[in-house]
Amino acid sequence: MVVFEKPKSLTDAKLHYCPGCTHGIIHRLVAEAIDSLGIEGKTIGVAPVGCSVMAYNYFTCDMVEAAHGRAPAVATGLKRALPENIIFTYQGDGDLASIGMAETVHAATRNENITIIFVNNAIYGMTGGQMAPTSLPGQVTQTSPYGRDIATAGYPIKVSEMLSTLDGPEFIARVAVNNVKNVKNAAKTIKKAFENQVAGRGFSLVEVVSTCPTNWGLTPEKALVWLEENMLPYYPLGVYKDRSAKKEEN
């Protein structure tokens with residue numbers, strides 16, 4: 001009896017991510033959602049600039065590479081040109097919450113019928129560990145060696161909370177992949193985000209709180225603990241907006 005197997009929507013390519021990085025888990029959850037919905041043949045993913053810049057190597061669906069931060073704009077164009085296709089972006093916090101913030105906000109407020117997977121590990125990963133828009137107060141990074149000073153750098157941006165205040169988005173949720181319980185919940189939430197697009201409901205964003213052991217300067221095990229103790233209190237998990245749930249209640 002087969003207990004577990006690799007999703008068909010993932011290639012056999014070996015992941016390039018650092019040991020302990022949870023991008024691999026998130027990739028699997030996205031692929032499982034695609035498989036379970038039977039949409040691999042009509043799905044197009046948009047890869048970002050960042051650690052997952054080579055996501056096109058790992059998914060069997062068609063992939064498009066976007067300029068830094070522009071994935072929501074590229075996804076909007078793809079969806080409008082190919083409305084029958086399923087379009088998703090896979091973006092990190094530097095890509096989405098910094099240079100790509102305008103594209104994200106405006107795609108959300110237009111309720112573009114796309115799905116965004118937003119990976120928040122509170123740091124710039126690929127470029128060496130600089131402070132990101134999501135870095136925590138006091139967090140030490142390459143560009144904040146004495147810790148993030150809110151007096152000069154401001155507060156971290158809580159993307160899910162901010163987007164949920166807009167009238168446009170259909171579904172905004174934050175999940176994590178630091179333990180089995182949270183991984184299972186993340187799988188259900190990511191699948192729902194794709195289901196919303198299949199049903200034509202509109203813009204769905206799932207923020208995934210993730211680890212970056214290398215740039216945090218921690219072992220993979222200690223990174224999971226750091227996430228639990230530091231990131232989750234600042235970035236609480238949960239559904240921040242779900243218009244379909246409200247319709248069902250009414």
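In the predicted model, T219 is located in the loop that connects helix 8 (213-216) with helix 9 (220-234). The relative accessible area of T219 is 36%, and the residue is therefore classed as partly exposed. The side chain of T219 reaches into the backbone of the chain, lying 3.1 Å from the backbone nitrogen of K222. In sequence, T219 is separated from Y17 by 202 residues, while the C-alpha atoms of the two residues are 14 Å apart in space.

A second threonine, T127, occupies the loop between strand 4 and helix 5 (150-153). T127 is likewise partly exposed, because its relative accessibility is 47%, a value that falls between the limits of 20% for buried and 50% for exposed residues. A polar contact of 2.8 Å links the side chain of T127 to the side chain of Q130. M63 is 64 residues from T127 along the chain, and the C-alpha atoms of this pair are separated by 23 Å.

S160 belongs to helix 6 (residues 159-164). Its relative accessibility of 0% is the reason why S160 is assigned as buried. When residues up to four places away in sequence are set aside, S160 touches I172, A173, R174, L205, E207 and Y240. With E207, the interaction includes a polar contact between the two side chains, at 2.6 Å. The C-alpha atom of S160 is also 8.8 Å from that of V239, a residue 79 positions away along the chain.

The packing of the helices was examined next. Two packed helices are described by the angle between their axes and the distance between the axes. For helix 1 (residues 23-37) and helix 7, the axes come within 9 Å and cross at roughly 50°. The arrangement of helix 1 relative to helix 7 is therefore oblique. The crossing of these two helices is right-handed. On the side of helix 1, the contact is formed by I25, R28, L29, V30, A33, I34, S36 and L37, and on the side of helix 7 by V183, A186, A187, I190, K191, F194 and E195.

Helix 2 and helix 4 form another packed pair, with axes 7 Å apart and an angle of about 40° between them. This pair is therefore also oblique. In the contact, P72, A73 and T76 of helix 2 meet E103, T104 and A107 of helix 4.

Helix 2 (residues 71-81) has a buried set consisting of A71, P72, A75, T76, L78 and K79. These residues span an arc of only 170° around the axis, and so they lie on the same side of helix 2. An α-helix has 3.6 residues a turn, so residues three or four places apart point the same way. The exposed residues R80 and A81 are carried on the face of helix 2 that is turned away from its buried side. The buried residues of helix 2 are covered by elements that include strand 1 (43-47), strand 2 (62-65), strand 3 (86-92) and strand 4 (115-120), together with helix 4 (101-109) and helix 7 (180-198). Helix 4 thus appears among the elements covering the buried residues of helix 2, and P72 and T76, which are buried, take part in the contact with helix 4.

Backbone conformation was considered last. Most residues other than glycine have a negative phi, and most peptide bonds are trans. N111 has a positive phi, near 55°, although it is not a glycine. This residue lies in the loop between helix 4 and strand 4. N111 counts as buried because its relative accessibility is 19%, the limit being 20%. A122, another residue other than glycine, has a positive phi near 65°. The position of A122 is in the loop between strand 4 and helix 5. With a relative accessibility of 0%, A122 is therefore counted as buried.

Methods. Residues numbered from 1 in each chain as written. Predicted model: local features only at pLDDT ≥ 70, side-chain atom pairs only at ≥ 80, totals over all residues. Heavy atoms only, no water. Buried < 20%, exposed > 50% of the residue type's maximum accessible area, 1.4 Å probe, protein only. Helix = DSSP H or I, 4+ residues; strand = E, 2+ residues; numbered from the N terminus. Arc of directions from axis to C-beta. Contact = heavy atoms within 4.5 Å. Polar contact = N/O pair within 3.5 Å; in protein donor to acceptor, adjacent residues only side chain to side chain. Axes fitted to C-alpha atoms, helices over the stretch in contact; angles between N-to-C directions. Parallel < 35°, antiparallel > 145°, perpendicular 65-115°, else oblique. Left-handed = near helix turned anticlockwise from the far one by under 90°.
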